[in-house]
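Visitor: Hi, I'm new to this one. Could you walk me through it?
Guide: Sure, let's take a look together.

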Amino acid sequence: MTKPIFGVVADDLTGGMETAAMLIALGIDCGFVTDPELVVDMGETPALVIAQKTRVVAADEAVTKMEKAARALLALGTRQIFFKYCATFDSTDKGNIGPVSDMLMDLTGADYTAFCPGSPSLLRTVYNGHLFLGTQLVSESPKRNDPLTPMTDPDLVRVLQRQTQLKVGLLAHSAIRAGLERLREQVASQAADGARYFITDTICGEDLDALAALTSDWKLMTGNATLVQHYPRVWKAKGLIPAADKRRPLPSVGGPGAVLSGSCAERTLEQLAEFERSRPVLRMDLLSVDGANSAVRAALDWALPKLESGPVAIATSASPDAVKLAQDRYGREGAAQLAERILGGIAVALRDAGVRRFVVAGGESSGSIVGHLGIRKLRVGSYGGPGIGTAVTEDEEPVALCLKSGKLGPVDLFMTMLEAMLHPENPYDRA
């Protein structure tokens, strides 16, 4: 059996699916599961993604889940482990990026690793260790109001250092642009002084090329999905994978369609408003519901008559002020869990009623809904755009899914993706 060269452990489903989609778009066959036990059935696949909902769970739970995933990949002889997290480094001082990385360092035996959340094409850049969203520091952007992981410190060296006992260094932009040998010397120099983690400056695509060349032989690397696109060229140059592309288009899926949204990001709210120009949207106020079960029943009663004429959307998404009121009543985690139980229950009820096409907005919502639906393995489609993952279950009655990051995607994404699922020949590239 050919050993995988690249194994991804992702802290949410949207990012994990996006990572797989990027590799597939570049002609690299990539398996995708949510259950580590299933990787043994993936065949001779050069890349594997295990995506689990660990971004905002307790750190010890995240470490346990990620360790199980990484061990499953290493048991196959996987050449390199890649820990995938968000481009905005979503975490708190009690967050999971540091503890999970500490565990992966021990498990892989890596001497050091780097952290590359940057995605210059999406204007997520890092300079002097500070994270920018466009021209704004992350601490001055809408991310400062994130309901679960508010980012109030832009200095990623400080952010990560609060989560780990290992020394955190910085690979500054001047070092990254100085050439591969100078960059290796900079890593060696800081490592000699005790650094084991390196935040990486990234302000353009060439920086990602340099980091891919630097880290392609490391036992462990971490970062956002965008960096992964820069590895295949290195793998081919090293003869690790065939030069020929391998592509498998997704099949078309019919049946009714629905949008389920738990994201409170500004872009998701804009996408809901655009969808509502042509189709109905049910906005569920967490302060008004009488428990998850009654909310599911009410949503189903509302949706079923309307599905006869086309797709519908159901959302727990809300403005920052409404989110704060819900958190004041239920607590931060309690409000999120209530929203996820409601959307997960609605997803199951809609599937049982015949819905076969789903667009889900929000990384945490996507993980919860896929979990409620009992989906553990997916056939992922080619990359269709930033923050967007598309896939189909391989069941007798397949379900098509588009899982999208709350912050990303074109404003008309919801209807575009639902309609694209009806067409054969890999229609998802149209988004």
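**Charged pairs, strands and a buried arginine**

Guide: Let's start with one pair: glutamate 276 and arginine 283 meet through their side chains in a salt bridge, 2.8 Å from N to O. Keep in mind that this is a predicted model.

Visitor: Are glutamate 276 and arginine 283 buried or exposed?
Guide: Glutamate 276 is partly exposed, at 37% relative accessibility. Arginine 283 also counts as partly exposed, with a relative accessible area of 43%.

Visitor: Why would side chains pair up like that?
Guide: Side chains carrying opposite charge can pair when their charged atoms come close.

Visitor: How many salt bridges are there in the whole structure?
Guide: A search of the whole structure turns up 22 salt bridges. One of them joins lysine 53 to glutamate 364, with the closest N and O atoms 3.3 Å apart.

Visitor: Where do lysine 53 and glutamate 364 sit?
Guide: Lysine 53 is in the loop between strand E3 (47-51) and helix H2 (59-75), while glutamate 364 belongs to helix H14 (residues 363-372). The two are 311 residues apart in sequence, so their salt bridge ties together distant parts of the sequence.

Visitor: And is glutamate 364 buried or exposed?
Guide: Glutamate 364 counts as buried, because its relative accessibility is 13% and the cut-off for buried is under 20%.

Visitor: You mentioned H2. Which salt bridge can I find inside helix H2?
Guide: Try glutamate 61 and lysine 65, whose closest N and O atoms are 3.3 Å apart. Both lie in helix H2, four residues apart, which is about one turn of the helix. Glutamate 61 is partly exposed at 35%, and lysine 65 is partly exposed at 30%.

Visitor: Which residues are linked in a network of salt bridges?
Guide: Asp93, Asp153, Asp155, Arg158 and Arg162 are linked that way.

Visitor: OK, new topic: strands. What is the strand order in the open sheet of three strands?
Guide: The order is E6-E7-E8, and the pairing is antiparallel. Strand E6 (124-127) and strand E8 (136-137) are at the edges with a single partner strand each, so one side of each has no neighbour in the sheet.

Visitor: How many bridges hold E6 and E7 together?
Guide: Four bridges, between E6 and strand E7 (residues 130-133). If you want a spot to look at, threonine 125 stands opposite phenylalanine 132 in E7.

Visitor: What about strand E5, which of its residues are buried?
Guide: E5 covers residues 113-116, and both of its faces are covered. Thr113 and Phe115 are buried on one side, and Ala114 and Cys116 are buried on the other.

Visitor: Which strands does E5 pair with?
Guide: E5 runs parallel to strand E10 (residues 195-200), joined by three bridges. There, alanine 114 has phenylalanine 198 as its bridge partner. E5 also pairs in the parallel sense with strand E11 (residues 220-223), over two bridges. In that pairing, cysteine 116 is matched with glycine 223.

Visitor: Last one: where is arginine 356?
Guide: Arginine 356 is in the loop between helix H13 (332-352) and strand E15 (357-361). Its relative accessible area is 15%, so arginine 356 is buried.

Visitor: What does arginine 356 touch?
Guide: Leaving out residues up to four places away in sequence, arginine 356 touches several residues, including Val253, Gly254, Pro256 and Pro398. Glu397 is also one of its contacts, and a polar contact of 3.0 Å joins the side chains of arginine 356 and glutamate 397.

Note on methods. Residues numbered from 1 in each chain as written. Predicted model: local features only at pLDDT ≥ 70, side-chain atom pairs only at ≥ 80, totals over all residues. Heavy atoms only, no water. Salt bridge = Lys/Arg side-chain N within 4 Å of Asp/Glu carboxyl O. Buried < 20%, exposed > 50% of the residue type's maximum accessible area, 1.4 Å probe, protein only. Pairing = 2+ DSSP bridges. Polar contact = N/O pair within 3.5 Å; in protein donor to acceptor, adjacent residues only side chain to side chain. Contact = heavy atoms within 4.5 Å.
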